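Colleague: I should like a close look at a single part of this model, set out as one connected account.

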Amino acid sequence: NQLTYLNKLYEIVQNDLINFPQRLDSANSLEIQLPYFSAKGEQFKASLDKTAALPVPSGWVDIHKNILSILQRLAFNHTAIANYEADVLKATAAFGEIANLNLEVKAVVKSIQTKANANGLVLNNELYQILNILYQE
């Protein structure tokens, strides 16, 4: 059931987040890209709901809670940026928070890899291989 859990996480990240059809275009102004941030916030919320519904194997609860926290904050911050025109200060803070979340993602990926290795699990998914390369020490 641990591998099933990790495979379901993989599916959520791959299908909902990595394959997100819209892309940020740094050549355009923030105002033009507000719909992107709104859609991305909704997608993080959908991913949060799917992840929250997963059955969590014993021993993975703390990692699962960290994943939920990251998804919740990504949804909140992307929505805050989408509402930039209504609250510039909140949107500005949200940009900073998103940048800081990268460190937390790195820690969660490392925790998943450490726990998987300790439990003798082999993560064959392409996503975990890519994350392993990205977040190596």
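Is phenylalanine 37 buried or exposed? Please start from that residue and work outwards to the helices around it.

Modeller: The model is a predicted one. Phenylalanine 37 has a relative accessibility of 5%, and because the limit for a buried residue is 20%, phenylalanine 37 counts as buried.

The setting is a chain of 137 residues, of which 38% count as buried. The chain holds 5 helices and 0 strands, and its elements run α-α-α-α-α from the N terminus on. Among contacts between residues at least 6 apart in sequence, 69% join residues at least 24 apart.

Phenylalanine 37 lies in helix H2, and its ring partner phenylalanine 95 lies in helix H4 (residues 88-118), so the pair ties together parts that are 58 residues apart in sequence. The centres of these two rings are 5.9 Å apart and their planes stand at 85°; the pair is therefore edge-to-face. In contrast to the buried phenylalanine 37, phenylalanine 95 is partly exposed, with a relative accessible area of 38%. Ring pairs also bring in Tyr36, so that Tyr36, Phe37 and Phe95 are linked into a cluster.

The count of aromatic pairs comes to 3. One of them joins tyrosine 5 and tryptophan 60, whose ring centres are 6.0 Å apart with planes at 55°, so this pair is tilted. Tyrosine 5 belongs to helix H1 and tryptophan 60 to the loop between H2 and H3, so this pair ties together parts 55 residues apart in sequence. Both tyrosine 5 and tryptophan 60 are buried.

Phenylalanine 37 also takes part in the packing of H2 against H3. The axes of H2 and H3 are 7 Å apart, and the packing angle is about 155°. This angle makes H2 roughly antiparallel to H3, and the crossing is left-handed. On the H2 side the contact includes Leu30, Leu34, Phe37, Gly41, Phe44 and Leu48, while on the H3 side Ile67, Leu71, Ala75, His78 and Thr79 are among the residues involved. By class, the contact of H2 with H3 comprises 13 nonpolar, 8 polar and 2 charged residues.

Within H3, two neighbouring positions give a more detailed view. Threonine 79 has its place in helix H3 and is partly exposed, at a relative accessible area of 32%. Leaving aside residues up to four places away in sequence, threonine 79 touches Phe37 and Gly41. Threonine 79 and alanine 94 are separated by 15 residues in sequence and by 8.9 Å in space, C-alpha to C-alpha.

Alanine 80 is likewise found in helix H3, which spans residues 61-82. With a relative accessibility of 5%, alanine 80 counts as buried. Not counting residues up to four places away in sequence, alanine 80 touches Lys90, Ala91 and Ala94. Towards H2, the separation between alanine 80 and leucine 34 is 46 residues in sequence and 9.9 Å in space, C-alpha to C-alpha.

The packing of H3 against H4 comes next. The axes of H3 and H4 lie 9 Å apart, and the helices pack at an angle of about 160°. H3 and H4 are therefore roughly antiparallel to each other, with a left-handed crossing. The contact of H3 with H4 divides by class into 15 nonpolar, 4 polar and 5 charged residues.

H2 has a further partner in H1. The axes of helix H1 (residues 2-18) and helix H2 (residues 30-52) come within 10 Å and cross at roughly 165°. H1 and H2 are therefore roughly antiparallel to each other, and their crossing is right-handed. From H1, Leu9, Ile12, Asp16 and Leu17 meet Lys40, Gln43, Phe44, Ser47, Lys50 and Thr51 in H2. The residues of this contact of H1 with H2 divide into 4 nonpolar, 3 polar and 3 charged.

To return to the starting point, phenylalanine 37 is buried, pairs edge-to-face with phenylalanine 95, belongs to the contact of H2 with H3 and is touched by threonine 79.

Conventions
Residues numbered from 1 in each chain as written. Predicted model: local features only at pLDDT ≥ 70, side-chain atom pairs only at ≥ 80, totals over all residues. Heavy atoms only, no water. Helix = DSSP H or I, 4+ residues; strand = E, 2+ residues; numbered from the N terminus. Buried < 20%, exposed > 50% of the residue type's maximum accessible area, 1.4 Å probe, protein only. Contact = heavy atoms within 4.5 Å. Axes fitted to C-alpha atoms, helices over the stretch in contact; angles between N-to-C directions. Parallel < 35°, antiparallel > 145°, perpendicular 65-115°, else oblique. Left-handed = near helix turned anticlockwise from the far one by under 90°. Nonpolar A, V, L, I, M, F, W, Y, C, P; charged D, E, K, R; others polar. Phe/Tyr/Trp six-rings, centres within 6.5 Å; stacked < 30°, edge-to-face > 60°.
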